[in-house]
Amino acid sequence: MAMNIILMGPPGAGKGTQAKKIIQEFAIPHISTGDMFREAIKKGTPLGVLAKSYIDKGDLVPDDVTIGLVKERLSQDDCQKGYLLDGFPRTLKQAEALEGLTKEIGREIALCLNIDVNKEELIRRISGRRVCKNCGAPYHIETAKPKVAGVCDICGGPLYQRADDNVEALETRLTHYEHDTKPLLDFYQKRNLLILLDGEGGSEKLFAEISRLLNEVRDD
Ligand code: ADP
Ligand code: ZN
């Protein structure tokens, strides 16, 4: 079966970190709606202007906009051998639309990986998070410091704090996760696609587990 994978979990669970490792090892495109929105914001496109008004407050971008974006991306040729969805779906409506679309284009989901981390740890991770403006590599002001303060170890780019990584927006994001996204666990459980992963045991160990699971899918 093709490696058509969903990566799910609350903000701060480590989806971005795992996604980077997965796409390197398995050579599939990374479809992160958050990254796509941030790219549009950087470019100042109409989509970016719209998305920013929601994202900065910690709210979800409306379903029709988000679904349209993913629909277009998933239909592209490079997704034929597989894809990694990161941050999508986040609502039941999105999950239903995704199911319809993937059936239609013959690119059905093979696995939904949910990374879970307790709320105190999520808050600690996100409030200290810094991200490279250039390559997106994540850092933490206490637990994952760069060698030189404010500078990315990998590419030398400047580190910054995301506009939505503040206490108020984070509370809203966590509420949306509980309220809008958590019901999807049940949705994917019912379809026998769900795998629950512990995101508190270190990113190397987590990636080893994910690799093992994805190799099983690949060998089918
Ligand atoms: P995180 O997982 O840390 O919250 P993301 O980069 O995945 O970060 O998303 C950042 C923001 O982008 C979200 O808080 C939301 O406003 C918007 N966004 C991303 N994906 C979606 C989606 N599938 N539906 C609606 N809004 C989204
Ligand atoms: Zn960098």
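The following questions and answers explain some terms applied to this predicted model.

Residues are numbered from 1 along each chain as its sequence is written, and chains are lettered from A. Local features need pLDDT of at least 70, and side-chain atom pairs count only at pLDDT 80 or more.

User: Why is H2 called roughly perpendicular to H4?
Analyst: The axes of helix H2 (residues 33–43) and helix H4 (residues 63–74) cross at roughly 100°. Angles of 65 to 115 degrees count as roughly perpendicular, so H2 is roughly perpendicular to H4.

User: Which residues make the contact of H2 with H4?
Analyst: Contact means heavy atoms within 4.5 Å. Thr33, Met36 and Phe37 of H2 meet Thr66, Leu69, Val70 and Arg73 of H4.

User: What makes strand E6 and strand E7 edge strands?
Analyst: Strand E6 (138–140) and strand E7 (159–160) each pair on one side only. The open sheet has the order E6-E5-E7, with antiparallel pairing.

User: How do you know that E5 and E7 pair?
Analyst: Two strands pair if DSSP finds at least two bridges between them. Strand E5 (residues 129–132) and E7 have 2 bridges, in the antiparallel sense, so the definition is met. Leu159 in E7 is the bridge partner of Cys132.

User: How is the lining of the largest cavity divided into nonpolar, polar and charged?
Analyst: Ile67, Val70, Lys71, Phe88, Ala97, Leu98 and Leu101 line the largest cavity. Ala, Val, Leu, Ile, Met, Phe, Trp, Tyr, Cys and Pro count as nonpolar, Asp, Glu, Lys and Arg as charged, and the others, Gly among them, as polar. The lining therefore divides into 6 nonpolar, no polar and 1 charged.

How values were computed
Heavy atoms only, no water. Helix = DSSP H or I, 4+ residues; strand = E, 2+ residues; numbered from the N terminus. Axes fitted to C-alpha atoms, helices over the stretch in contact; angles between N-to-C directions. Parallel < 35°, antiparallel > 145°, perpendicular 65-115°, else oblique. 1 Å grid on protein atoms, 1.4 Å probe; cavity = no way out; pocket = protein on both sides within 12 Å on 5 of 7 lines; lining within 4 Å.
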